[in-house]
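Here's a quick briefing to read with the model open beside you. Have a look at the fold, then work through the points by topic.

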Amino acid sequence: MRKIIYLLCGLLIVNVILFAQIQQIDLNQATFDEIKSLPITDKQAEDIYYYRTYIDFFNSVYDLREIENIDQVTFNKIKPLIMVHPYTEYDEVAQRRDKIYYLLRGFASEEGSSELAASLWEDLLISPVNINNANFHVLMNMPIVSPSDVRAILMQRKLGNFSDYRSMRKAPGLSHYGATKLKHYVIYQTPERKNKWFFNYRFKFNNSPFSDELKEVLLESFLPDSTNNKFSMWGRYHLDNAEPEISHKLRARMEDWIDLEFGGLLFFKKGENRNLNLFLSENSLSKALSENSKLSVALNLKPINTRLILGNFRATYGQGLVMENTDYFDRRRTGFGYTKRVIGVFPDISSTNEFALKGSAIEFNNNFLNASFFYSDDKKDAVIWDSNHNDSLDVEDDLFYYIISTPRFTNEQLESDEAYFNPYRENLQPYPLPKILMAPRRDVLRETITGTHIEVSPLIGTHFGITAYEALYDRYFNIAPYDSLGEYLIYSDYYYKKLKMTDSEISSLYSTKTNTYRRNYRRVYGFDWQTTLNNLSIQGEYAELEVDGKPLQLGDDPSAMVLSGYLNFENLNFLILYRNYDLDFDNPYARPFAEHERFDGTILKKQYYLKNSLVSEVYYNSPWSQPEQGIYIESRYKFHRQLTLTKAYLDMWKRKSDGRISVRFQAELDYRPIYQVSIRLKQKLQTNRSEDTSARSVSKTSETTLKLITYLTNRDKLLLSYFYAQTWMVPYPYLTDSAVPGDTIVPTANVLNQGNCIEAGYIHNFNENFRIEGSFLFWKAHHGNVWDWEDMEIDFMGNEGMKYWFTIYDRISNHLAISFKYKVKHYEDKELYLRKYNEPVEGQNYIPQTKHEESSIRLQIDWNF
């Protein structure tokens with residue numbers, strides 16, 4: 001007991017000491033009033049403040065003795081009440097970074113198609129735009145802000161400049177939501193920044209496992225039915241211990257009467273070999289710099305509203321139908337809210353590689369005219385096939401399509417693998433297989449692109465633009481017609497019957513070499529428009545791929561169109577979007593709104609039938625939108641102080657390849673009995689093949705999520721969530737009937753797959769610079785889909801298991817921040833019964849559930865100076 005009392009007393013003393021230290025005044029940062037609060041005279045306070053302001057900062061408390069008015073008695077009296085932190089240069093940028101660190105932290109974790117936008121918005125947070133000089137395009141490129149908000153600001157500005165946030169907020173038609181989102185990115189007078197430099201270095205490390213789909217592709221044997229790991233890419237390259245994903249990014253900006261920016265990226269995907277040791281004779285640094293790096297230099301000539309870019313750049317216009325060069329596909333990207341596109345040309349050192357543009361671009365932008373021209377000359381990865389039928393893959397062969405590979409094997413590796421697999425395939429008994437004569441290759445296509453975008457804005461919020469590009473190729477794209485796809489893609493004629501109507505998405509791809517013509521180019525052109533009337537915005541884009549029609553005649557070539565209307569009120573917004581993409585509109589640089597990526601449902605999704613399983617990555621890493629026709633409706637409505645429909649949408653669309661009609665509905669209701677407590681109910685319903693419920697491909701999905709969130713002080717948060725999903729499907733008798741020959745067929749009812757998950761999550765800010773967030777999950781799925789959205793990525797879980805993860809954000813100083821994520825996942829596979837068309841399989845024909853344990857680390861270091 002006495003020890004406990006001593007311990008408690010000691011803790012009390014420590015707390016008192018810490019409390020006293022917390023109350024100490026830092027002489028280098030204290031205001032005059034804070035100095036006057038010390039037990040000293042007004043004259044002594046004035047002398048201390050004068051010394052710090054006009055003579056020097058304090059290096060220690062003992063510097064007070066340098067002041068004539070501070071005698072030893074006074075010093076001894078105030079010494080316990082004061083402290084001195086060494087003074088460092090703390091300019092307005094550092095102070096701003098202090099205030100908006102929580103926003104910068106969010107953008108720092110962005111990846112994929114939003115990575116470049118996040119970099120732009122980071123720059124705007126540090127160097128805000130003068131709202132009294134910005135035009136419509138500049139303001140529209142800011143996050144979240146709607147066209148009606150931007151129009152309201154510009155209409156009010158015609159009456160006089162804004163002096164502060166309060167004057168901007170009073171602009172008629174500007175929503176509260178738009179104003180609060182905009183305020184961090186704008187200022188009201190241009191600051192004096194002469195020759196001001198900003199530097200940022202970012203390092204990323206990620207050893208997360210391959211996705212389940214890619215793992216299956218890499219595990220697929222090049223000798224069907226063989227279980228020997230050496231006949232798969234996974235086994236040959238020991239991908240159980242694959243190299244992690246690593247990137248180094250350096251950016252520098254200089255602000256003056258012109259802005260100068262340059263940056264570089266060195267990036268390696270997971271599983272890619274690298275040897276950058278300069279002290280070894282066989283180092284691959286020069287090769288890595290040519291194949292795994294990006295460089296960009298941009299010059300912003302502000303006096304003439306012109307931006308010039310050399311190196312890698314991003315070009316995006318309209319609704320993404322003609323040009324949006326990124327390697328990533330985003331579902332339901334409307335261009336509003338959190339799915340906004342950044343319009344124009346910008347330097348690009350994001351992780352986009354296959355569809356990176358490399359060359360030069362120039363853009364002129366003012367209130368009336370926006371014009372840009374770009375030129376790119378770069379090599380692309382593609383799938384080649386033995387088009388000249390000489391029983392080998394060589395430089396004379398034609399191309400199938402672009403491909404984004406993970407890992408991105410070298411051509412030497414791929415050729416070596418094919419040489420290793422082919423003898424085994426040709427001698428396979430009892431059915432020999434043909435040689436591998438279709439395969440991905442690195443930098444096998446040289447693509448030269450010339451493009452332009454010209455746009456006029458006669459009224460505030462109204463514009464009309466034309467976009468066009470021509471791509472020249474040094475090899476032909478040669479796609480087989482539908483009735484020859486089996487011979488073209490599938491390794492055995494026995495499986496040609498696996499082709500379906502959906503595979504017309506493959507045969508409808510654009511060929512530059514056909515029976516009627518041979519050309520070395522692809523031309524895409526279109527026009528976009530937007531008009532804003534009060535709180536209503538209407539916009540759209542129409543594009544065509546030139547095949548055999550006339551350039552100036554609409555409708556005689558494959559086309560695509562997006563139309564949308566957006567209505568914005570204080571507590572309500574409403575969006576309706578229509579899209580219609582022709583099946584043969586094959587623009588590899590189009591990224592418009594879509595529910596699914598191209599090739600979903602085709603033979604490319606079934607790598608086990610293909611001549612080369614790696615070709616299926618054309619689908620699994622597809623950034624292209626699937627040919628669809630449909631109407632999408634979305635709304636957010638705060639209809640009561642405590643009740644908000646945070647997001648509700650209904651999408652009805654038809655897949656062009658086979659006419660399948662699908663309907664998807666999702667809504668989330670947020671109930672707040674008090675502001676600090678949120679109860680959210682989300683419901684998703686989806687039906688595929690809704691036009692024919694008797695078809696075998698019909699399915700119905702229902703997902704329900706209930707969340708309880710408590711918001712605590714200091715931006716802390718606790719979350720408890722329950723997720724339940726079920727999918728109804730028609731039966732597959734050849735899977736559900738008995739595998740024993742002669743057994744009576746057992747009637748089978750409809751199949752119902754289920755899954756559920758419980759999650760507990762948390763966010764705790766120890767202080768303004770140190771934060772931790774994470775969650776614990778337990779799930780069980782009976783052939784159903786269970787998924788979870790983590791802090792920066794989506795994770796699809798297995799049959800049954802648990803996982804936990806946490807992310808630590810530590811802002812070590814105003815210039816250095818670290819993010820560290822650790823995840824552990826335990827799960828079980830489904831048990832498998834093996835049979836072949838109701839015939840028993842000899843040998844092992846049952847695979848029990850297998851337990852797996854995975855752990856991964858993501859590390860990010862940001863150094864700003």
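Let's start with a helix: in this predicted model, 9 of the 11 residues of α9 (residues 147-157) are buried, so the rest of the structure largely encloses that helix. From there we'll go to the cores, the aromatic rings, the cavities and a few backbone oddities.

**Helix α9**

- Which residues of α9 are buried? They are Pro147, Ser148, Asp149, Val150, Arg151, Ala152, Ile153, Leu154 and Arg157.
- As for what surrounds them, the buried residues of α9 pack against three helices, α8 (136-140), α10 (165-169) and α11 (176-182), and against the strands β16 (521-533), β17 (536-545) and β18 (559-568).
- Just before the helix, in the loop between α8 and α9, sits isoleucine 144. Its phi is positive, about 75°, although isoleucine 144 is not a glycine.
- Isoleucine 144 also counts as buried, at 13% relative accessibility.

**Nonpolar cores**

- The largest nonpolar core has 88 residues, and the members that touch the most others are Phe400, Leu489 and Val618. Strand β12 (residues 369-385) gives this core its largest share, 5 residues.
- Another core, of 28 residues, lies apart from that one; Leu116, Ala134, Met142 and Phe162 are among its members.
- What does phenylalanine 400 touch, leaving out residues up to four places away in sequence? The list runs Val383, Trp385, Met438, Phe477, Ile479, Tyr488, Leu489, Ile506, Leu509, Leu604, Val615 and Val618.

**Aromatic rings**

- Searching the whole structure turns up 44 aromatic pairs.
- One of them is tryptophan 197 with phenylalanine 262: the ring centres are 6.4 Å apart and the planes meet at 65°, so this is an edge-to-face pair.
- That pair links distant parts of the chain, with tryptophan 197 in strand β5 (residues 196-206) and phenylalanine 262 in strand β7 (residues 259-268), 65 residues apart.
- Both partners count as partly exposed: tryptophan 197 has 32% relative accessibility, and phenylalanine 262 has 34%.
- Now take tryptophan 385 and tyrosine 488, whose ring centres are 4.8 Å apart with the planes at 75°, so this pair is edge-to-face too.
- Tryptophan 385 belongs to strand β12 and tyrosine 488 to helix α16 (residues 485-489), so the pair ties together parts 103 residues apart in sequence.
- Here the partners count as buried, with tryptophan 385 at 14% relative accessibility and tyrosine 488 at 5%. Trp385 and Tyr488 are also among the contacts of phenylalanine 400.
- One aromatic cluster brings together Phe355, Tyr401, Tyr402, Tyr469, Tyr473, Phe477, Tyr589, Phe599 and Trp624.

**Arginines over rings**

- Phe477, a member of that cluster, has arginine 522 over its face, 5.3 Å from the ring centre.
- Arginine 523 lies over the face of tyrosine 521, at 4.0 Å from the ring centre.

**Cavities**

- How many cavities of 30 Å³ or more does the structure hold? There are 9, and the largest has a volume of about 340 Å³.
- The largest cavity is lined by 21 residues, of which Met140, Gly318, Gln319, Ile343 and Gln530 are the closest to its centre.
- α8, β14 (438-459), β16 and β17 each supply at least two residues of that lining. You've already met α8, β16 and β17 as elements that the buried residues of α9 pack against.

**Backbone oddities**

- Where is the cis bond that involves threonine 406? Look at the peptide bond from threonine 406 to proline 407, where omega is near -5°. Proline 407 is in the loop between β13 (398-402) and α15 (411-426).
- Glutamine 429 and proline 430 are also joined by a cis peptide bond, with omega about 5°. This proline sits in the loop between α15 and β14.
- Asparagine 714 has a positive phi near 60°, and this residue is not a glycine. You'll find asparagine 714 in the loop between β24 (699-711) and β25 (717-729).
- Is asparagine 714 buried or partly exposed? Asparagine 714 is partly exposed, with a relative accessible area of 45%.

Note on methods
Residues are numbered from 1 along each chain as its sequence is written. This is a predicted model: local features need pLDDT of at least 70, side-chain atom pairs count only at pLDDT 80 or more; totals for chains, interfaces and linings use all residues. Side-chain values use heavy atoms; hydrogens and water are left out. A nonpolar core is a set of buried Ala, Val, Leu, Ile, Met, Phe, Trp, Tyr and Cys residues joined through side-chain atoms within 4.5 Å. Buried means under 20% relative accessible area, exposed over 50%, partly exposed in between (1.4 Å probe, protein chains only). Helices (H or I, at least four residues) and strands (E, at least two) are DSSP runs, numbered from the N terminus. Contact means heavy atoms within 4.5 Å. Rings of Phe, Tyr and Trp (its six-membered ring) pair if their centres lie within 6.5 Å; planes under 30 degrees apart count as stacked, over 60 as edge-to-face and the rest as tilted. A charge sits over a ring if NZ of Lys or CZ of Arg is within 6 Å of the ring centre and within 35 degrees of the ring normal. On a 1 Å grid over the protein atoms alone, a cavity is a set of points where a 1.4 Å probe fits but cannot get out, and a pocket is an open set with protein on both sides within 12 Å along at least five of seven lines; lining residues have an atom within 4 Å of a point. Grid points are joined across faces, edges and corners, and a volume is the space filled by probe spheres set on the points.
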